[in-house]
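Q: Got a minute to go through this one with me? I'd like to begin with the ligand and then look at the backbone.

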Amino acid sequence: MEKFLPYGRQEISEEDIRAVTEVLKSDWLTTGPMVPKFEAAFSEFTKAPHSVAVSSGTAALHAAMFALDIKAGDEVIVPSLTFAATANAVVYQGGTPVFTEIKPADLLIDPNDVEKRITKRTKAIVAVDYAGNPCDYDSLKSIASKHGVALVADACHAIGGNYHGKPVGTLADISCFSFHPVKHITTAEGGMVTAMKEEYAARAKLFRNHGITTDHRERSEKGLLNYEMVELGFNYRLNDILCALGLSQLSKLKEWVARRNEIAKKYRELFRGNELISCLAECPGVYNAYHLFVVKVDFARAAITREKLYLKLKENKIGMSFHYPLVHLHPYYRKKFQTKEGALPITEAENSKIISLPMYPGLTNQDVSRISEVLINLLNQNG
Ligand SMILES: *Cc1c(COP(=O)(O)O)cnc(C)c1O
C-alpha cells in the first residue's frame, strides 16, 4: 500500500531532538543564549546585517509594520494571492491594505501595477515571494525609492533563495520568515525578521518584548531591578528551546533547498508538453527556494473540477493543496474594506487555475513520478 504524500512536511533528526533536550536541561528556557545564537546563524546564512527571532511569521510581519510605524490612515500595497497574515499585519496596525495585481507567468507582484496604486498615503510595499520565487526586486526597489516608501519582503516561502547573486533576506528593507512545519525549516511555530538598517531591527526587538527596553537576562546580567516600557509591544518572543531547534534545522537548509530544486526539475520534465498543465515561469538569474510546487491547470478543458481533483488525489494518497483563497475575497476583507470580485481580474483568473503538488526534501523521484502520472490520468479521464 502506498503511503500518503502530504503537500509539505517537516524533517526532524536525532540531532534536532538532542539540541532541544539540551536546552530543557539548561538554565534558560526563554530569553537565554540560544536566541542570539540562532539570530547570528540566520544572519550568517542570509547575509542580512540584523536578524530578530519572533514567535511566528505573522509576528514577524506585524513587527515589520510596527518598525515602519504603519498606523491609521496609512496604505500598504500587498498582493491578494498570499496567506491572509500578509494583509492582516497591516490591519493590526490600523493601516489599510491596498491589493495589487500579479504577473500571470510567475504569479509574483507586478511592479507596473504597484506603481499605479501608490498614493500620498502609501507607506510601504509588501512583496510576497510566492512559492519560493523571489520577486522582481530591482524594479520594486526603484519604485519604492522613487516614491519614498519602504519595501518589505514577505519571504516566508523563499528562505535559501537568491536574486541575481543576492540572498533572500537582504532584498528589501525588512524581510519576514516563518518556521511553521510546512516551511523550509521549522521551530513548530516561529519566525524571523531580517533588517538592513539597525533602527528597524531595534524596533522589532522592542516590539517582541512588550515595548520594554531590556529583557530578563539582560537585567540579570547587568544587575538591574527596574525596567521601562516605551512602546506598546507584544509577547512575540521565540523561546530558547525553539531557537535551538531552528539552529539545528538551519544546518540542513542549503541541502534541502537543493533537493527541492531537483524535485522541481523532475516535475517540470514530467509535465513538459502537457496541454492541460503548465508550470510557473522560471526567472533568469534567480534561485527559487521552492516552498511550493504550484502548477496551473486548464480546468476548462480538463475532465475534472479542482474540488473533485483534490478528493481523487486524496483517494490516491496524494495531498494536493491550494495556495491561496484570495485575501481580498475573504468575508472579513469584503466587509471591512468593501473589496469585491472583479477588483483584481488577473489575480482572480490565475487563482482559478492553480494547485499545489507535494514538495518537500523527503519526497523521492519515484514519488514525483507517481504524483505526475496520477494527476495526468485524472485530468484526462472521461466521465
Ligand atoms: C506561513 C506564512 C505566513 C505566516 O507565518 P506563520 O508562521 O504561520 O505565522 C505569512 N505569509 C506567508 C506568505 C506564509 O506562507
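A: Sure, here is a short run through the ligand site, a small set of strands and some backbone details. Keep in mind that this is a predicted model.

Q: Which residues come nearest to the ligand?
A: Gly57, Thr58, His157, Ser178 and Lys183. They belong to a set of 14 residues around the ligand.

Q: What is the mix by class in that shell?
A: Eight residues are polar, four are nonpolar and two are charged.

Q: Which helix gives the most to the shell?
A: Helix H3, which spans residues 57-67. It puts three residues into the shell.

Q: OK, polar contacts. How far is the Thr58 side chain from a ligand oxygen?
A: A polar side-chain atom of Thr58 sits 2.5 Å from an oxygen atom of the ligand. For His157, a polar side-chain atom is 2.8 Å from a ligand oxygen. Tyr324 also takes part: an N or O atom in its side chain lies 3.3 Å from an oxygen atom of the ligand.

Q: And how much of the ligand does the protein bury?
A: 92% of the 380 Å² that the ligand exposes when taken alone.

Q: Where does the space it takes rank among the pockets?
A: That space is the second largest pocket.

Q: Back to Tyr324. Where is it in the fold?
A: Tyr324 is in the loop between helix H11 (306-315) and helix H12 (331-337).

Q: Is the peptide bond leading into it cis or trans?
A: The bond from His323 to Tyr324 is cis, with omega near 10 degrees. Most peptide bonds are trans.

Q: What about phi of Asp69?
A: Phi of Asp69 is near 60 degrees, so positive in a residue that is not glycine. Most residues other than glycine have a negative phi. Asp69 lies in the loop between H3 and strand S2 (75-79).

Q: Switching to strands. In what order do S6, S7 and S11 run in their sheet?
A: The order is S7-S6-S11, in an open sheet with antiparallel pairing. Strand S7 (166-167) and strand S11 (286-287) are the edges, each pairing on one side only.

Q: How many bridges link S6 and S7?
A: Two, between S7 and strand S6 (residues 162-163). Tyr163 stands opposite Lys166 in S7.

How values were computed:
Residues are numbered from 1 along each chain as its sequence is written. This is a predicted model: local features need pLDDT of at least 70, side-chain atom pairs count only at pLDDT 80 or more; totals for chains, interfaces and linings use all residues. Side-chain values use heavy atoms; hydrogens and water are left out. A residue is near a molecule or strand if one of its heavy atoms lies within 4 Å of it. A polar contact is a pair of N or O atoms within 3.5 Å; within protein, one must be able to donate a hydrogen and the other to accept it, and residues adjacent in sequence count only if both atoms are side-chain atoms. Accessible areas come from the Shrake-Rupley method with a 1.4 Å probe; for residues, only the protein chains shown count as cover. On a 1 Å grid over the protein atoms alone, a cavity is a set of points where a 1.4 Å probe fits but cannot get out, and a pocket is an open set with protein on both sides within 12 Å along at least five of seven lines; lining residues have an atom within 4 Å of a point. A molecule sits in a cavity or pocket if more than half of its atoms lie within 2 Å of its grid points. Helices (H or I, at least four residues) and strands (E, at least two) are DSSP runs, numbered from the N terminus. Ala, Val, Leu, Ile, Met, Phe, Trp, Tyr, Cys and Pro count as nonpolar, Asp, Glu, Lys and Arg as charged, and the others, Gly among them, as polar. Two strands pair if DSSP finds at least two bridges between them.
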